[in-house]
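I opened this file to look up a handful of side-chain features and the overall make-up of the chain. The entries below are in the order in which I checked them.

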Amino acid sequence: MFNIFMVTFFITLSFAFLEPFFFIGYLIGLAIFGLFQAIFMANAGGAWDNAKKVVEVEFREKAASCMPPASSVTLSAIRSRTPAASR
């Protein structure tokens with residue numbers, strides 16, 4: 001993390017000493033990039049949450065349709081389906 005800071009700092013410093021217009025362009029570019037990066041990151045959180053909700057709802061619906069009624073599942077039926085190595 002410190003290495004990234006040092007690279008960014010010295011690039012900024014070299015642009016400032018090399019040509020003032022490079023420095024101004026560099027700062028403007030960083031500001032524009034930072035703005036779009038912040039917008040994309042804010043939208044990604046909402047999209048992730050929406051996708052997670054869709055997956056959870058579909059999983060519950062599919063799991064409920066695959067499961068037998070609770071009264072027909074007994075402990076002996078569950079034990080008979082487990083491999084002997086896991087007992």
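What follows are my notes, from the whole chain down to single residues.

**Entry 1, the chain.** I noted at the outset that this is a predicted model. I counted three helices and zero strands in the protein chain. Read from the N terminus on, the order of elements is α-α-α. I then asked what share of the 87 residues is buried. The share of buried residues is 2%. For the accessible surface of the protein chain I got about 7800 Å². Carbon and sulfur atoms hold 74% of that surface.

**Entry 2, a nonpolar patch.** Which residues make the nonpolar surface patch of about 840 Å²? I listed Phe21, Ile24, Ile28, Ile32, Leu35, Phe36, Ile39 and Phe40. I picked Phe40 from this list for a further look. Phe40 sits in helix α2, which covers residues 20-66. Its relative accessible area is 55%, so Phe40 is exposed, the cut-off for that class being over 50%.

**Entry 3, aromatic rings.** I searched for ring pairs and found six aromatic pairs in the structure. I wrote down two of these in full, beginning with Phe2 and Phe5, whose rings are tilted at 35 degrees between the planes and lie 6.3 Å centre to centre. Both residues belong to helix α1, residues 2-18, where Phe2 and Phe5 are three residues apart, or about one turn of the helix. Are Phe2 and Phe5 buried or exposed? I found Phe2 exposed, and Phe5 exposed as well.

The next pair shares Phe5: the rings of Phe5 and Phe9 are stacked, with 6.1 Å centre to centre and 20 degrees between the planes. Phe5 and Phe9 are also both in helix α1, four residues apart, which is again about one turn of the helix. Phe9 has 40% relative accessibility and therefore counts as partly exposed. I also followed the ring pairs from residue to residue, and they link Phe2, Phe5, Phe9 and Phe10 into a cluster.

**Entry 4, salt bridges.** How many salt bridges are there? The count comes to two. In one, the side chains of Lys52 and Asp49 meet at 3.8 Å, N to O. Lys52 and Asp49 are three residues apart in helix α2, about one turn of the helix. In the other, Asp49 meets Lys53 through their side chains at 3.4 Å, N to O. Why are Asp49 and Lys53 separated by about one helical turn? They are separated by that much because they are four residues apart in helix α2.

I checked the exposure of each partner in turn. Lys52 has a relative accessible area of 40% and is therefore partly exposed. Asp49, at 28% relative accessibility, counts as partly exposed. Lys53 is also put down as partly exposed, at 45% relative accessibility. Taken together, Asp49, Lys52 and Lys53 are linked in a network of salt bridges.

**Entry 5, Thr12.** I ended with a residue in helix α1, Thr12. Its relative accessible area is 18%, so Thr12 is buried, given that buried means under 20%. Which backbone oxygen lies 2.8 Å from a polar atom of the side chain of Thr12? I found the backbone oxygen of Thr8 there. Leaving out residues up to four places away in sequence, I noted that Thr12 touches Phe23 and Tyr26.

Methods:
Residues are numbered from 1 along each chain as its sequence is written. This is a predicted model: local features need pLDDT of at least 70, side-chain atom pairs count only at pLDDT 80 or more; totals for chains, interfaces and linings use all residues. Side-chain values use heavy atoms; hydrogens and water are left out. Helices (H or I, at least four residues) and strands (E, at least two) are DSSP runs, numbered from the N terminus. Buried means under 20% relative accessible area, exposed over 50%, partly exposed in between (1.4 Å probe, protein chains only). Accessible areas come from the Shrake-Rupley method with a 1.4 Å probe; for residues, only the protein chains shown count as cover. Patches are made of residues with over 30% relative accessible area and no salt bridge: like charges are joined within 9 Å, nonpolar side chains (Val, Leu, Ile, Met, Phe, Trp, Tyr) within 5 Å. Rings of Phe, Tyr and Trp (its six-membered ring) pair if their centres lie within 6.5 Å; planes under 30 degrees apart count as stacked, over 60 as edge-to-face and the rest as tilted. A polar contact is a pair of N or O atoms within 3.5 Å; within protein, one must be able to donate a hydrogen and the other to accept it, and residues adjacent in sequence count only if both atoms are side-chain atoms. Contact means heavy atoms within 4.5 Å.
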